[in-house]
Amino acid sequence: MPTHNHVLTTTAQLGQILQASRKAKKWSQAQLAGKLGLSQSRVSHLELHAEELSFAQLITWCAVLGLELSVGLRETRTERTSTDW
């Protein structure tokens, strides 16, 4: 499976990434829910309202889906070098 890094700036984007990752594994919401110890309706709700995920839930969700969470400083245009273009 190819590696894709996504820069997220909204919780809606997070929900979309979580949903897309689940679908890439061909898992239903019910299958993911079983692995997370949640109900299918809760998975559905959190995919649409990712702002309600606790940090612990997010880390668990990422682990189950094989995702990695990374935090870093945002690069500004003036910080890029000519080799970055």
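Before I start, a term I need: a residue counts as exposed when its relative accessible area is over 50%, and as buried when that area is under 20%. I also note that this is a predicted model.

**Entry: helix α4**

I looked up α4, which covers residues 55-65, and asked which of its residues are buried. They turn out to be Leu58, Trp61, Cys62 and Leu65. These four sit on the same side of α4, because they cover an arc of only 100° around the axis. A reminder to myself: residues three or four places apart in an α-helix point the same way, because there are 3.6 residues a turn.

Next I turned to the face of α4 that looks away from the buried side, and there I found the exposed residues Ala56 and Ala63.

What do the buried residues of α4 pack against? I found α1 (11-24), α2 (29-36) and α3 (40-48) as their partners. Just past the end of α4, I noted Gly66, whose phi is positive at about 75°.

**Entry: Ser21**

I then visited Ser21, which belongs to helix α1. Is it buried or exposed? Ser21 has a relative accessible area of 13%, so it falls under the 20% cut-off and is buried. Leaving aside residues up to four places away in sequence, I see Ser21 touching Leu65 and Leu67. Leu65 is one of the buried residues of α4 that I listed above.

**Entry: Lys26**

My last stop was the loop between α1 and α2, where Lys26 is placed. Lys26 is not a glycine, yet its phi is positive, near 60°. With 72% relative accessibility, Lys26 counts as exposed.

Methods. Residues are numbered from 1 along each chain as its sequence is written. This is a predicted model: local features need pLDDT of at least 70, side-chain atom pairs count only at pLDDT 80 or more; totals for chains, interfaces and linings use all residues. Side-chain values use heavy atoms; hydrogens and water are left out. Buried means under 20% relative accessible area, exposed over 50%, partly exposed in between (1.4 Å probe, protein chains only). Helices (H or I, at least four residues) and strands (E, at least two) are DSSP runs, numbered from the N terminus. The arc is that of the directions from the helix axis to the C-beta atoms. Contact means heavy atoms within 4.5 Å.
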